[in-house]
Number of protein chains: 2
Amino acid sequence: MNQILSAPKVRLNDVQILDAQDPLAHCRERFQLPDGVIYLDGNSLGAMPKSVPARMTRAIEQEWAVGLIRSWNDADWYPAPQRVGGRISQLIGAKPHEVIVADSISVNLFKILVAALRMRPGRKRILGEIGNFPTDVYIASGVAELMEAEFIAVEPDDLLAAITEEVAIVSLTHVNYKSGKFYDMAAITQRAHDVGALVVWDLAHTAGAMPCELNAAKADFAVGCGYKYLNGGPGAPAFVFVAERHHQGLDQPLKGWHGHVKPFEFTHDYVAGNGMDRMLVGTAPQLSLIALEAALEAFDGVDMQLLRQKSQALTSLFITLVDQELSEFGFGLATPRDATKRGSQVSLTHPQGYAIIQAHIARGVIGDFRSPNILRFGFASLYISYCDVWNAVMILKDIMINETWKRAEFMKQKAVT
Amino acid sequence: MNQILSAPKVRLNDVQILDAQDPLAHCRERFQLPDGVIYLDGNSLGAMPKSVPARMTRAIEQEWAVGLIRSWNDADWYPAPQRVGGRISQLIGAKPHEVIVADSISVNLFKILVAALRMRPGRKRILGEIGNFPTDVYIASGVAELMEAEFIAVEPDDLLAAITEEVAIVSLTHVNYKSGKFYDMAAITQRAHDVGALVVWDLAHTAGAMPCELNAAKADFAVGCGYKYLNGGPGAPAFVFVAERHHQGLDQPLKGWHGHVKPFEFTHDYVAGNGMDRMLVGTAPQLSLIALEAALEAFDGVDMQLLRQKSQALTSLFITLVDQELSEFGFGLATPRDATKRGSQVSLTHPQGYAIIQAHIARGVIGDFRSPNILRFGFASLYISYCDVWNAVMILKDIMINETWKRAEFMKQKAVT
């Protein structure tokens, strides 16, 4: 790969060789991808693993329709949040009993922020970053309001300096949803621990996209979603991680019956369940949860280091081809050029970004637009090939050259700015 | 029906006539029910409507696999919480824009209790009842802890007297999950309003089981679940109702991005969405939500007054047959004899309740057990026939007569108590 990218010009033949040598190429067969589509969504909904439909049919037509209420036991529905959490733990460097599937990222973040504030009773500051995904910011603001705490967001460059002894919790997204740049999890966590603060990591664009070593980084808490690079289906349930050392004192505010130590004894007083069980609230949306579990089979036997290598190679190839083919069309790069500093996405900027993304989608290349000028492309290493990257860039070039009304509009824009 | 029940003895032929004359009998065909099962679950999971499998196949294999991210717009996934809420509103006497589907009952109750406390800033008391479903009690306790408020639970008979000017919110379940007895919603609400308090109704065992007139009762707030008598599938998403007059001041604490007025502008500051939209938090578990929407087709064209009449007739027939056939076996009745005071369930008591329910299930009659001695039977008027009721009681009688080890155990128990 490095050899190819350092050559004067990358040609289709080079890219085909990369595919032929790809140790993860066989994983593409695990997904059902529509004809004529290159799916570079970045990533609000992962592609559908082929393991899902048959599992869902069984869940609906056998477990629900025939097993009925008995399936909570007979089909092992009850332990699904723990079981699926355990499977996800392998992808994020955690122990199985440190991860559970429940609710959405937003709801889990709420639980964690309140629980973490309660672990630092003398402190009232939640520290975040400007440019974080909005729900993280909104939830933190809501928690601050409720707990008479304060939520302060600083520019990423000012973050380390802002981690002081006033801070109770640092709340960050690992891989930024717009730029694809990621934080050094171990370094930030270390800095926070040095001043007695705790850190919550949002792994929305990390889990399944790249390896992540929560325990090696001494992470305290993390949340993440099931519907992006875990391919769990639209709105798939989210997960939450709490390091084992924090389980004992974990006091989250959404005290629902599934978080009770013995939910089916229907006692009047709440007694928190063991470990992560207390992060459960209401009854899990079982059909969505079953789809997520089936989808995770796409990761069976996948070496996450190979996945990371391929992700870096795909994104590097994309940037190289954009440089090589699109230099005259006014694109900017919002993602770090250094592959060791970005997740599995590349964001371009362009003043006509929205129109270009729409034209690209019309030609079968699905990326997405993030206001005001970001064209975001995600590269799911399990199902994206190097030729997909080649074709995506060539189609984009064709759009820029031939779709004259858009080009005219761009040139006009260029003339005035 | 009344004629039959006042006769000296109900016979199978009488019951068959009731089925022949049942104006809702055709609705049974809308459900896929397994052979050899009489499904009187009371009701933790409704039976599967036949409208679900094909809809789910389309959602998974077309909308997800082929439409991919585009389906949020093209398959109308985004407006599903509002659309499904609107459909449910017709079953509970609300306006379409007063109901939205989101999260679980527990999470929705948390949002509502905090929002309601904020509407009564001078007051700190949440009033509940002893014997309410545990999650309602746990969530209220958790909110009280968080808001420096107090949660007080009183015996149902003491409830009216406890609704005083200290009370901010009265939090009750409409139909009790154990006894099936229901509160006079209008009277309790009136009493609460007289002292300046607000009321939250949990409709878990109401929605779809019997008509409910939230607006006629001047209800403030309600929550309810999708997986019981709405038949939405295991852990189907829940719904929440807020009377239109409270929308303006509604300030719930789980400020997630889907509750923002413009979630896809990704702005830094949270601005609450219009009306019920602000009750949304994270991304809806779309597959579970689609199953719920498809399931609700089972209610198409159903006159809820006819449903209520049938529900009363089914439960009355069950009680009559228990009296007639099982009087010597030591069963008690935990549900009001007056049909106008109970929902769509009948709970019997028996010291050997757990063993009896297990034996009943083994014979194909699925009710459920609630500790310590409740045998709970739910009667879903859309798919339960009068003959089902007859057969359920006759099988129970057979168990009590012929399963000698259980009978011996019961007689021994009877001898010592």
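Helices and strands are taken here as DSSP runs, numbered from the N terminus, with at least four residues for a helix and at least two for a strand. With elements named in this way, Asp103(B) can be placed in the loop between β4 and α6 (105-119) of chain B. The model is a predicted one, and the description below moves from this loop to the sheets, the enclosed elements, the cavities and the cysteines.

The phi angle of Asp103(B) is near 50°, a positive value in a residue other than glycine. Because the range between 20% and 50% relative accessible area is called partly exposed, Asp103(B), at 22% relative accessibility, belongs to that class. A residue of chain A offers a second case: Glu148(A), in the loop between α7 (134-147) and β6 (150-154) of chain A, also has phi near 50°, positive although the residue is not glycine. At 67% relative accessibility, Glu148(A) counts as exposed.

The strand β4 that leads into the loop of Asp103(B) takes part in an open sheet of chain B, where seven strands with mixed pairing follow the order β4-β10-β9-β8-β7-β5-β6. At the edges stand β4 (99-101) and β6 (150-154) of chain B, and because each has a single partner strand, one side of each is left without a neighbour in the sheet. From one strand to the next the twist averages 20°. The pairing of β4(B) with strand β10 (residues 239-242) of chain B is antiparallel and extends over three bridges, and within it Val101(B) has Phe239(B) of β10(B) as its bridge partner.

Further into this sheet, strand β7 (residues 167-173) of chain B runs parallel to β8(B), to which five bridges join it, and Val170(B) stands opposite Val199(B) in β8(B). Strand β8 (residues 198-202) of chain B is largely enclosed by the rest of the structure, because five of its five residues are buried. In a regular strand, side chains alternate between the two faces of the sheet. Both faces of β8(B) are covered, with Leu198(B), Val200(B) and Asp202(B) buried on one side and Val199(B) and Trp201(B) buried on the other.

Two loops that adjoin strands of chain B also hold buried residues. Phe133(B), placed in the loop between β5 (125-129) and α7 (134-147) of chain B, has 15% relative accessibility and counts as buried. His246(B) lies in the loop between β10 and α10 of chain B, and at 11% relative accessibility this histidine is likewise classed as buried. Helix α10 (residues 286-295) of chain B, which follows that loop, is largely enclosed by the rest of the structure, because nine of its ten residues are buried; among them are Gln286(B), Leu289(B), Ile290(B) and Ala294(B).

Chain A supplies another sheet, an open one of four strands in the order β11-β12-β15-β14, with antiparallel pairing. Its edge strands, β11 (332-333) and β14 (368-370) of chain A, each pair on one side only. Two bridges join β11(A) to the antiparallel strand β12 (residues 345-349) of chain A, where Leu348(A) is the bridge partner of Leu333(A). The loop between β14 and β15 (374-378) of chain A contains Pro372(A), which is joined to Ser371(A) by a cis peptide bond with omega about 0°. In chain B, the peptide bond from Gly42(B) to Asn43(B) is cis as well, with omega near 15°, and Asn43(B) lies in the loop between β2 (38-39) and β3 (48-49) of chain B.

The two chains come together around enclosed space. There are four cavities of 30 Å³ or more, and the largest cavity holds about 80 Å³ of space. The elements that give two or more residues to its lining are α3 (51-67) of chain A together with α3 (51-67) of chain B. The lining includes Met56(A), Ile60(A), Glu61(A), Met56(B), Ile60(B) and Glu61(B), and its residues divide into six nonpolar, two polar and two charged.

No disulfides are found in any chain of the structure. Because a disulfide requires cysteine sulfur atoms within 2.5 Å, the distances around two cysteines of chain B can be judged directly. The sulfur of Cys225(B) is too far for a bond, since the closest cysteine sulfur, in Cys212(B), is 14 Å away; Cys225(B) counts as buried at 3% relative accessibility. For Cys387(B), the closest cysteine sulfur belongs to Cys27(B) at 17 Å, again too far for a bond, and Cys387(B), at 18% relative accessibility, is also buried.

Notes. Residues numbered from 1 in each chain as written. Chains lettered and ligands numbered in written order. Predicted model: local features only at pLDDT ≥ 70, side-chain atom pairs only at ≥ 80, totals over all residues. Heavy atoms only, no water. Buried < 20%, exposed > 50% of the residue type's maximum accessible area, 1.4 Å probe, protein only. 1 Å grid on protein atoms, 1.4 Å probe; cavity = no way out; pocket = protein on both sides within 12 Å on 5 of 7 lines; lining within 4 Å. Points joined across faces, edges and corners; volume = space filled by probe spheres on them. Nonpolar A, V, L, I, M, F, W, Y, C, P; charged D, E, K, R; others polar. Pairing = 2+ DSSP bridges. Axes fitted to C-alpha atoms, helices over the stretch in contact; angles between N-to-C directions.
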